[in-house]
Amino acid sequence: MRKIKIKKILVIKFRFHGDMLLITPVISSLKANYPDAIIDVLGYEGSVEILRVNDDVDKIFAVKNKKASFSNKTLDYLKVVHELHKEKYNLVVNLSDQWLSGLMTRLISPSYSVAFEFQQRNQFLWRLFFHELVKPEGTHVVERNLSILNAFDFPVTVKNTKMGYHAFVWEGIKFRLGKEWDQQKYVVVQPTARQKFKYWDDEKFAEVINYIQRVTHHKVIITCGPSEDDKRCVARIAELCKVKPVMTLAGNTTFDELAAVIDHAQFFIGVDSAPMHIAAAVDTPIICLFGATDHRAWHPWTEKFWMVWAGNYHPMPKRSEIDRSFKYLSYIPVEKVIDAVNSAVTAEKAG
């Protein structure tokens, strides 16, 4: 990278909520090495909101995602490009593989721009958008994201993910849960994800929740996304439980509220989803259930986790062969998740 004075940086990532959280080590590393620089983030509308309470980020810019109509997206992109061009960025760090990210980078006209050298992109055309390309390295997504920093001569690399919330948010959560929760030990269970092939069986989740509340004497708080499908799913699970879990927060939290409730939990149980990555970012122990997704690339970015992988009980398909309507986690025996619960409780008592 040529020598330029870095005053304003734009980081681009067009993906989903969990993906946005997994770029925070790159943002934190940039901030650590350019402490006086302004760092903005560009992402999809909705997804980028997970970074709203992050003191390394100054401004958030968002474009409509692929669900919007072509005309609405085009007008929206042009408007955002116009806004970003006025910011006069010294540096753009693009972590996306979409052609759109390259075109927008070119139109923004930064002093310098860096992106990954993606195999699925025509190298000649892709290179036209950026000043420098870096070959991605590493197994985990966080490692791959951090390898963009090979373009820089950095003395400091921050490797942990980051998820923030204000103190008053936790006070609000306690108020919603009731005064008796001030000192109550609890576990957060998140059964839902953006895609149905990541779901486990409702009956098995209910059995694990029953075990937690009967044997470990921890309360269970169920959380989920705001969609009606998510709410119906957790309602079915709650109906199957002998002692009803707390449903007050299900489908009814912002990202920072979800971070607060997970942060104060004894441990978290969930499928491959953004809340799982939030749990890692706030350093809460995790029991994670994985199926047909690449668990080596997407496991929680923490040492405090117990993974139960469906591939240990039945062969998992290649990514190109995944049936997104099939629950691959169904192959996971409930006893194996209960074993993980016992391990988490033992670790909790040890300290």
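## Exercises: salt bridges and a parallel sheet

Aspartate 201 is buried, and lysine 204 is buried too. Their side chains meet in a salt bridge, 3.3 Å from N to O. The model is predicted.

**Exercise 1.** Classify aspartate 97 and arginine 15 as buried or partly exposed, and locate their salt bridge in the chain.

*Solution.*
1. The two side chains meet at 3.2 Å, N to O.
2. Aspartate 97 sits in the loop between β4 (91-94) and α4 (99-108), and arginine 15 in the loop between β1 (8-12) and α1 (17-21). The pair is 82 residues apart and links distant parts of the chain.
3. Buried means under 20% relative accessible area. Aspartate 97 has 14%, so it counts as buried.
4. Arginine 15 has 31%, so it is partly exposed.

**Exercise 2.** Work out which parts the salt bridge between lysine 64 and glutamate 45 ties together.

*Solution.*
1. The closest N and O atoms are 4.0 Å apart.
2. Lysine 64 lies in the loop between β3 (60-63) and α3 (70-87). Glutamate 45 lies in the loop between β2 (38-44) and β3, so the bridge ties together parts 19 residues apart in sequence.
3. Lysine 64, at 28%, is partly exposed. Glutamate 45, at 46%, is also partly exposed.

**Exercise 3.** Trace the five-stranded open sheet and find its edges.

*Solution.*
1. The order is β8-β7-β9-β10-β11, with parallel pairing.
2. β8 (219-222) and β11 (305-309) each pair on one side only, which makes them the edge strands.
3. Inside the sheet, β9 (267-271) and β10 (286-290) pair over four bridges. Glycine 270 has cysteine 288 in β10 as its bridge partner.
4. Helix α10 (255-263) packs on the sheet and touches β7 (186-190), β8 and β9.

Definitions and conventions: Residues numbered from 1 in each chain as written. Predicted model: local features only at pLDDT ≥ 70, side-chain atom pairs only at ≥ 80, totals over all residues. Heavy atoms only, no water. Pairing = 2+ DSSP bridges. Helix = DSSP H or I, 4+ residues; strand = E, 2+ residues; numbered from the N terminus. Contact = heavy atoms within 4.5 Å. Axes fitted to C-alpha atoms, helices over the stretch in contact; angles between N-to-C directions. Buried < 20%, exposed > 50% of the residue type's maximum accessible area, 1.4 Å probe, protein only.
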